[in-house]
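Visitor: I'd love to look closely at one part of this protein with you. Could you take me through it slowly, and then show me what lies around it?

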Amino acid sequence: MGLLSLGRKPLKIGLIGLGKIAVDQHIPSIRGNKNLELVAGCSPHARPEGVQAYKDMDAMMSAHPEIEAIAICTPPQIRHEIARQVIDIGRHVFLEKPPAATLGEAESIKAMAAAKGVSLLASWHSRFAPAVEAAREWIAARELRSVTIHWKENVRQWHPGQRWIFEAGGMGVFDPGINSLSILTRILPDAVMVKKADLHTPVNCQAPIQVELDMLSESGVPIRAEYDFLQEGVQTWSIYVESKSFEKLTLSMGGAGLEIDGKTIAQPKEAEYPGLYKHFYELIKKGESDADFSPLRIVADAMLLGRRIDAPEYIE
Ligand code: NAP
């Protein structure tokens, strides 16, 4: 497709997969951006109100060949094949997180997009949470002692009916946990290696429901992550950082809240997905891509190195 003549007409967008995240975030974020126009979507069954919806991508593209860019909001197990079809017809691609079910698939999507000359955004919405950049700057000026991640939520509350999460390739509790890893890999200056992982996996599921993960940064900072999909009561999406001189930074609410040495630091009220779509538009305008797979690599390494521990049956 080459560079678009952006600036006069809004970029025409189609959605593939019209489930929870498409409805909660993609549709309102596209509609809230004057440079973008939501043309249509497709999904086997879902028919959100007010969206021109088709059963599959072929039907959507036959009816709307004017679509220039496509956001893929399906479960990850089928993302690679859909991305291949989107790139084949020369449309720019926005991948929901995680970018694919495996690193091999993610690298393949990146190579195909580069060969075709379309822009690819492998999105990590949590990197667009308002306090993430401030945390990154704080860390850049310090030597660290430790990092601890607590990402604990109730799967029954946040993912009702999403059976794909516990199937092979669905990642289980890493589906939200990878969001913490997308922040971690953004705020730390060096690479992260997995050292140990305990993967508590219900006997009737293929993916873990609770994980304890020990990592080490290249410069030797120990990082401990605890992921829990069975959290009752207060839900926690926090990252605690301690410097060598015992200063403390806490990123809370998935990166929306920031506390330094016990003092709350006010953050702008920016939502993640409007920022992501602004970034996608800018990438297309500049003819660039953004595809960093480091959070997926950590999950893959945890699965490679981890011990599978049987957990009680999970029934929704
Ligand atoms: P979801 O509610 O299960 O929605 C997935 C949708 O994909 C369903 O509506 C399903 O269609 C559709 N789909 C399945 N196969 C398809 C195909 N071959 N072609 C087109 N559409 C297909 O899941 P979700 O929560 O939106 O999650 C989707 C992705 O977004 C996941 O990777 C997840 O990690 C990510 N994400 C989710 C959240 C969240 O809070 N839920 C937040 C950030 C990112 P039908 O319903 O029509 O059968």
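Which residues does Lys 110 touch, not counting residues up to four places away in sequence?

Guide: Happy to. Please keep in mind that this is a predicted model. Leaving aside residues up to four places away in sequence, Lys 110 touches Leu 120, Ala 291 and Phe 293. Lys 110 itself sits in helix H4. Is Lys 110 buried, partly exposed or exposed? Its relative accessibility is 36%, so Lys 110 counts as partly exposed. Now compare places along the chain with places in space: Lys 110 and Asp 292 are 182 residues apart along the chain, yet their C-alpha atoms are separated by 9.6 Å.

Let's step from Lys 110 to the helix that holds it. Helix H4 runs from 103 to 116, and H4 is among the elements that cover the buried residues of H3. The others named in that cover include strand E1 (11-16), helix H2 (57-63), strand E4 (69-72) and strand E5 (92-95). Which residues of H3 are buried? They are Arg 79, His 80, Ile 82, Ala 83, Val 86 and Ile 87. If you look down the axis of H3, these buried residues fall within an arc of 160°, so they line one face of the helix. After H3 comes Gly 90, which has a positive phi near 75°.

The loop between E5 and H4 is worth a pause too. Pro 98 is found in that loop. The peptide bond leading from Lys 97 to Pro 98 is cis, and its omega is near -15°.

Now let's zoom out to the whole chain. The chain is divided into domain 1, covering 11-122, and domain 2, made of 126-271 plus 300-311. The C-alpha centres of these two domains lie 27 Å apart. The contact between the domains takes nine residues from domain 1 and twelve residues from domain 2.

Both domains also have a share in a pocket. The lining of the largest pocket draws at least three residues from each of domain 1 and domain 2. That pocket has a volume of about 1,300 Å³. Its lining has 49 residues, and those nearest the centre are Lys 20, Ile 21, Glu 96, His 159 and Tyr 273. Two or more lining residues come from each of helix H1 (20-31), helix H3 (79-88), helix H7 (174-187) and helix H8 (272-286). So H3, the helix we met a moment ago, appears here again. Which element gives the most to this lining? H1 does, with four residues. By type, the lining residues divide into 24 nonpolar, 14 polar and eleven charged.

Let me pick out one residue from that lining, Lys 20. Lys 20 is in helix H1 and is partly exposed, with a relative accessible area of 41%. Not counting residues up to four places away in sequence, Lys 20 touches Trp 158 and Gln 162. Lys 20 and Ala 69 are 49 residues apart in sequence, and their C-alpha atoms are 20 Å apart in space.

The second largest pocket has a volume of about 310 Å³. It is lined by 19 residues, with Arg 127, Phe 128, Gly 275, Leu 276 and His 279 nearest its centre. Strand E6 (120-122) and H8 are the elements that give two or more residues to this lining. H8 gives the most, with six residues. The lining residues here divide into nine nonpolar, three polar and seven charged.

To finish, here are two loop residues with a backbone angle to look for. Met 171 has a positive phi of about 80° although it is not a glycine. Met 171 is found in the loop between helix H6 (155-158) and H7, and at 5% relative accessibility it counts as buried, because buried means under 20%. Asp 261, also not a glycine, has a positive phi near 50°. Asp 261 is found in the loop between strand E13 (257-260) and strand E14 (263-264), and its relative accessibility of 48% makes it partly exposed.

How values were computed:
Residues numbered from 1 in each chain as written. Predicted model: local features only at pLDDT ≥ 70, side-chain atom pairs only at ≥ 80, totals over all residues. Heavy atoms only, no water. 1 Å grid on protein atoms, 1.4 Å probe; cavity = no way out; pocket = protein on both sides within 12 Å on 5 of 7 lines; lining within 4 Å. Points joined across faces, edges and corners; volume = space filled by probe spheres on them. Nonpolar A, V, L, I, M, F, W, Y, C, P; charged D, E, K, R; others polar. Domains from an automatic or database assignment. Buried < 20%, exposed > 50% of the residue type's maximum accessible area, 1.4 Å probe, protein only. Arc of directions from axis to C-beta. Contact = heavy atoms within 4.5 Å.
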